[in-house]
Amino acid sequence: MTSVADIVEQLERLYDDLNEDSIAALDTLYCEDVSFVDPIHHVQGIDDLKTYFLNTIKGVEYCHFAFADRARQGDDVFVTWQMRLKHPKLAQGREIVVPGTSHLKLENDKILSQTDYYDAGAMLYEHIPVIGYVIDKIKTRVKSS
């Protein structure tokens with residue numbers, strides 16, 4: 001039987017450098033019918049999860065996750081992380097750093113569901129030229145009210 005610590009360590013290794021090879025190995029960690037939810041998308045099933053991640057990393061120079069805290073209650077595991085992402089079309093090619101948390105639900109030594117919580121605006125929308133400008137103006141207005 002695989003321990004929760006082993007599952008989290010495997011998760012950390014796979015996400016340490018998210019790339020085509022680590023994505024191909026996702027079925028060693030996730031159940032066949034995994035549910036994956038983040039602020040941008042919801043996918044069901046390991047094949048759709050792989051496709052989602054492959055599409056997500058297109059054009060990305062790198063995407064690393066550094067994990068910090070973890071907590072467990074029964075089959076629920078919570079981990080905090082910091083994602084470092086670099087894409088030439090976002091943030092003028094500068095590195096983007098986004099903190100987040102994942103809630104993992106385990107079943108039979110694999111991840112049955114994962115829900116990621118992070119600020120999608122900080123990761124994506126604020127770094128797209130026109131949209132980023134509008135978001136910045138809105139934030140400035142809210143701060144001054």
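This text walks through a serine site and an aromatic cluster in a predicted model. Residues are numbered from 1 along each chain as its sequence is written, and side-chain values use heavy atoms, leaving out hydrogens and water. Local features need pLDDT of at least 70, side-chain atom pairs count only at pLDDT 80 or more, and totals for chains, interfaces and linings use all residues.

Start at Ser35. It sits in strand β1, residues 30–37 (strands are DSSP runs of E, at least two residues, numbered from the N terminus). Its relative accessible area is 16%, so Ser35 counts as buried (under 20% relative accessible area, with a 1.4 Å probe and protein chains only). The Ser35 side chain makes a polar contact of 3.2 Å with that of His42 (a pair of N or O atoms within 3.5 Å; within protein, one must be able to donate a hydrogen and the other to accept it, and residues adjacent in sequence count only if both atoms are side-chain atoms). Beyond four places in sequence, Ser35 is in contact (heavy atoms within 4.5 Å) with His42, Val43, Gln44, Leu112, Ser113 and Gln114.

Now turn to the rings. The structure holds eight aromatic pairs (ring centres of Phe, Tyr or Trp, the last by its six-membered ring, within 6.5 Å). Take Phe65 and Trp81. Their centres lie 5.1 Å apart and their planes meet at 70°, so the pair is edge-to-face (planes over 60 degrees apart). Phe65 belongs to strand β3 (residues 62–73) and Trp81 to strand β4 (residues 76–86), 16 residues apart. Phe65 is buried at 11% relative accessibility. Trp81 is buried at 5%. Ring pairs join both residues into a cluster with Tyr15, Phe36, Tyr52, Phe53, Phe67 and Tyr118.

Definitions and conventions:
Helices (H or I, at least four residues) and strands (E, at least two) are DSSP runs, numbered from the N terminus. Buried means under 20% relative accessible area, exposed over 50%, partly exposed in between (1.4 Å probe, protein chains only). Rings of Phe, Tyr and Trp (its six-membered ring) pair if their centres lie within 6.5 Å; planes under 30 degrees apart count as stacked, over 60 as edge-to-face and the rest as tilted.
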